[in-house]
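Please read the points below with the model open beside you. They take up the sheet and then the helices and cores.

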Amino acid sequence: MGSSRADVSRFPEEVKDAIGFGLFVAQQGGKHADAKPLHGFAGAGVLEIVENYNGNTCRAIYTVRFPGRVYVLNAFQKKSKSGIKTPSRDINLIRARLIDAKTIHEEWLTSQKRRPIRG
């Protein structure tokens, strides 16, 4: 969603590999050991993968709330040394992109129902 793909692409290779594998596991219906529910969101439908690299923390936030799809809602590098709390601007962005993901998913489901069956 949004700039998430580009944001992840700017992470160091080791971080991209770890996050990419975590997302692959999610796409296969599993939950990577490093994926944790994001605080402030009901249930375990919004998760984060946190990777530390050279004193900084890289995070990728994604949702598995919508069957058959994984949506990456945000990815960022947190450089602040004061606490582990996700900044409110990022939480607000995640909430907005979650709403957008719901709309996109509903449109995708509708398009899947219209597709002719090939045989």
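**Notes on the sheet, helices and cores**

1. Strand 1 and strand 2 pair in the antiparallel sense over 3 bridges, pairing being accepted if DSSP finds at least two bridges between two strands; Pro 37 stands opposite Leu 47 in strand 2. Helices (H or I, at least four residues) and strands (E, at least two) are DSSP runs, numbered from the N terminus.

2. This is a predicted model, in which local features need pLDDT of at least 70 and side-chain atom pairs count only at pLDDT 80 or more, while totals for chains, interfaces and linings use all residues. Residues are numbered from 1 along each chain as its sequence is written, and side-chain values use heavy atoms, with hydrogens and water left out.

3. The open sheet has 4 strands in the order 1-2-3-4, with antiparallel pairing, and its edge strands, strand 1 (35–37) and strand 4, each pair on one side only.

4. For helix 3 (residues 88–114), the 27 residues should span 39 Å at 1.5 Å a residue, and the end C-alpha atoms are 40 Å apart, which agrees; the expected span is 1.5 Å times one less than the number of residues.

5. The buried residues of helix 3 (under 20% relative accessible area, 1.4 Å probe, protein chains only) include Asp 90, Arg 97 and His 105.

6. The largest nonpolar core (buried Ala, Val, Leu, Ile, Met, Phe, Trp, Tyr and Cys residues joined through side-chain atoms within 4.5 Å) has 14 residues, and its largest share, 4 residues, comes from helix 2. A second, separate core of 12 residues includes Leu 73, Ile 94, Leu 98 and Ala 101.

Terms used:
Buried < 20%, exposed > 50% of the residue type's maximum accessible area, 1.4 Å probe, protein only.
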